[in-house]
Amino acid sequence: MPKQPHRLPQKKLKKSRIAAPSACHGEAQRERGRAISKRLEAHYGDPRPALTYRNPFELLIAVILSAQTTDEGVNRVTPILFKHFGTAEALAAADPETIEEIIRPTGFFRQKTKSVIATSQALVAEHSGKVPETMDELVALRGVARKTANIVLGTCFGIVEGIAVDTHVFRLAHRLGLSEAADANRVEGDLCACLERDRWYRVNFDLITHGRRVCTAKKPVCGTCFLNDLCPAAFTTTGWRAE
Ligand code: SF4
């Protein structure tokens, strides 16, 4: 089996369209993908973002802040951030040093400060302070790529244009043999080709949950994983067995 990439490459291209699938997706692979998504759904119930938010603006900012950190870490800083800067207008006019101090625990805080302020300024200037409801408009915002846009569109507006691919989804798509692509946009294209459209929104949450609870980066628990009969990487990923 070829060596499997387990990390999402840092360099990402902003694209507003789903990439063409890069792997061969025959009917057998599509059937396996559907079986995997059905089992995930049966195990993990209603999909919900782990990020806390009260409106589309808060979710958009929270997802931008979640890059390279945990949702729990973001949830610790956003109550303070939104208490003082809870609208696009307020955050657009914020002093960058103040924002840096508040979001410092999430890492990459200078870059993230630039992104959330620039995004807020664009929302005010171009969208009357509201979060836009199209992929094209969302990915035009600083710090927003397809992953963030897919989460915001699906969660806040019920619009499903693709599959949000974060580090867990990227890793599991490779382990489960649903993609061999080296960038998130192409992994999304492969997953969309494998899975029925009505599963696209929830499969992000299902794969993230599975990646946190069972198929972790360092110690996948293949021995008790309910997908091990469908997974080509079962028991081979790290050479470690949970038995
Ligand atoms: S069988 Fe192992 S590698 Fe495959 S999804 Fe389950 S935990 Fe991950």
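## Contacts and overall fold

Among the contacts in this protein with a separation of 6 or more, 63% join residues 24 or more positions apart. Keep in mind as you browse that the model is predicted. Buried residues account for 41% of the 243 residues.

The secondary structure is easy to summarise: the protein has 11 helices and 0 strands. Read from the N terminus, the order of elements is α-α-α-α-α-α-α-α-α-α-α.

## Helices H2 and H8

Let's turn to one helix pair. Helix H2 spans residues 56–65, and its axis lies 10 Å from that of H8, at an angle of about 155 degrees. Angles over 145 degrees count as roughly antiparallel, and H2 and H8 are therefore roughly antiparallel to each other. Their crossing is right-handed.

Which residues of H2 and H8 meet? On the H2 side they are Pro-56, Leu-59, Leu-60, Val-63 and Ile-64, and on the H8 side Thr-148, Ile-151, Val-152, Thr-155 and Cys-156. By class, the residues of this contact divide into 8 nonpolar and 2 polar, with no charged ones. As a general reminder, an α-helix has 3.6 residues a turn, so residues three or four places apart point the same way.

## A look at Thr-148

Thr-148 is a handy residue to follow through this region, and it lies in helix H8. Is Thr-148 buried or exposed? Thr-148 is buried, because 24 other C-beta atoms lie within 10 Å, and the cut-off for a buried residue is 20 or more.

Leaving aside residues up to four places away in sequence, Thr-148 touches Val-63 and Ile-64. Both of these belong to the H2 side of the contact with H8. Thr-148 and Met-135 are 13 residues apart in sequence, and their C-alpha atoms are 9.8 Å apart in space.

## Helix H10 and its neighbours

Helix H10 covers residues 184–194 and is mostly covered, with 11 of its 11 residues buried. The buried residues include Arg-186, Glu-188 and Asp-190, as well as Val-187 and Leu-191. Cys-192 and Cys-194 are also among them.

What do the buried residues of H10 pack against? Their partners are helix H1 (27–44), helix H8 (146–157), helix H9 (167–175) and helix H11 (200–213). H8 thus appears here as well as in the pairing with H2.

## Around the ligand

The ligand has 14 residues around it, and the ones that come nearest are Cys-215, Pro-220, Cys-222, Cys-225 and Cys-231. By class, this shell holds 11 nonpolar residues, 2 polar and 1 charged.

Key. Residues are numbered from 1 along each chain as its sequence is written. This is a predicted model: local features need pLDDT of at least 70, side-chain atom pairs count only at pLDDT 80 or more; totals for chains, interfaces and linings use all residues. A residue is near a molecule or strand if its C-beta atom, placed from the backbone, lies within 6 Å of it. Ala, Val, Leu, Ile, Met, Phe, Trp, Tyr, Cys and Pro count as nonpolar, Asp, Glu, Lys and Arg as charged, and the others, Gly among them, as polar. A residue is buried if 20 or more other C-beta atoms lie within 10 Å of its own, exposed if 12 or fewer, and partly exposed in between; C-beta atoms are placed from the backbone. Helices (H or I, at least four residues) and strands (E, at least two) are DSSP runs, numbered from the N terminus. Two residues are in contact if their C-beta atoms, placed from the backbone, lie within 7 Å. Axes are lines fitted to C-alpha atoms, for helices over the stretch in contact, and angles run from 0 to 180 degrees between N-to-C directions. Angles under 35 degrees count as roughly parallel, over 145 as roughly antiparallel, 65 to 115 as roughly perpendicular and the rest as oblique. A crossing is left-handed if the near helix is turned anticlockwise from the far one by less than a right angle, and right-handed if clockwise.
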